[in-house]
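Dear colleague,

I am passing on the structure we spoke of, and below it I have set out what was found in it. Please keep it open while you read, since the notes follow the chain from one element to another.

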Amino acid sequence: MAEYTVITPLPGTFYRKATPESPNFVEVGALVGADTVIGLIEVMKQFSELTAGTAGRVTAFMVEDGDPVEPGQIVATLDEE
């Protein structure tokens, strides 16, 4: 299996869930499709969805919920299925 990295295209704050009360979009170990939302990037109160980009199994998140991120930073890793 090939490892795939999910990279943020935007600077901002990474969130794993839509609201503080919501469950995470996905958990480590989950099977995802290319269009599956794995998190949100917030920039100046505007939220952009971050999708997996490929089908596979989420193996790790490299940033925590609420962490600042920079363009090109790895947010998560997947094993392509």
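In this predicted model, 4 strands make up an open sheet whose order is β1-β8-β6-β3, with antiparallel pairing. The edges of that sheet are β1, which covers 3–7, and β3, which covers 31–32, each of them pairing on one side only. Between β6, residues 56–61, and β8, residues 74–80, the antiparallel pairing runs over 5 bridges, and one bridge to look at joins Phe 61 to Ala 76 in β8.

Strand β2, residues 12–15, has two pairings that you may want to follow next. With β7, residues 68–69, strand β2 pairs in the antiparallel sense over 2 bridges, while with β4, residues 37–43, the antiparallel pairing of β2 extends over 3 bridges. Thr 13 takes part in both pairings, since its bridge partner in β7 is Pro 68 and its bridge partner in β4 is Glu 42.

How many aromatic pairs does the structure hold? There are 2 of them, and a general point helps in reading the values: a pair of rings is described by the distance of the centres and the angle of the planes. For Phe 14 and Phe 61 the ring centres are 6.3 Å apart and the planes stand at 35 degrees, so this pair is tilted, the angle falling neither under 30 degrees, as stacked rings would require, nor over 60, as edge-to-face rings would. Because Phe 14 belongs to strand β2 and Phe 61 to strand β6, the pair ties together parts that lie 47 residues apart in sequence. Both Phe 14 and Phe 61 are buried.

The other tilted pair is formed by Tyr 15 and Phe 47, with 6.2 Å from centre to centre and 45 degrees between the planes. Tyr 15 is in strand β2 and Phe 47 is in strand β5, residues 46–51, so here the parts tied together are 32 residues apart in sequence. Are these two residues buried or exposed? Tyr 15 has a relative accessible area of 27% and is therefore partly exposed, and Phe 47, at 47% relative accessibility, likewise counts as partly exposed.

Phe 61 deserves a second look, for besides its aromatic partner Phe 14 it has Arg 16 lying over the face of its ring, at 3.9 Å from the ring centre.

On the surface, Ile 7, Met 62 and Ile 74 form a nonpolar patch that has about 260 Å² of accessible area together. Of these residues, Met 62 is found in the loop between β6 and β7.

Lastly, there are two residues whose backbone angles you may wish to inspect. As background, most residues other than glycine have a negative phi. Met 44, although not a glycine, has a positive phi of about 50 degrees, and its place is in the loop between β4 and β5. Lys 45, also found in the loop between β4 and β5, has a phi near 70 degrees, again a positive value in a residue other than glycine. Where exposure is concerned, Met 44 has a relative accessibility of 77% and so counts as exposed, and Lys 45, with a relative accessible area of 73%, is exposed as well.

With kind regards

Methods
Residues numbered from 1 in each chain as written. Predicted model: local features only at pLDDT ≥ 70, side-chain atom pairs only at ≥ 80, totals over all residues. Heavy atoms only, no water. Pairing = 2+ DSSP bridges. Patch = residues over 30% accessible without salt bridge, like charges linked within 9 Å, V, L, I, M, F, W, Y side chains within 5 Å. Areas by Shrake-Rupley, 256 points an atom, 1.4 Å probe, with all protein chains shown as cover. Salt bridge = Lys/Arg side-chain N within 4 Å of Asp/Glu carboxyl O. Phe/Tyr/Trp six-rings, centres within 6.5 Å; stacked < 30°, edge-to-face > 60°. Buried < 20%, exposed > 50% of the residue type's maximum accessible area, 1.4 Å probe, protein only. Lys NZ or Arg CZ within 6 Å of the ring centre and 35° of its normal.
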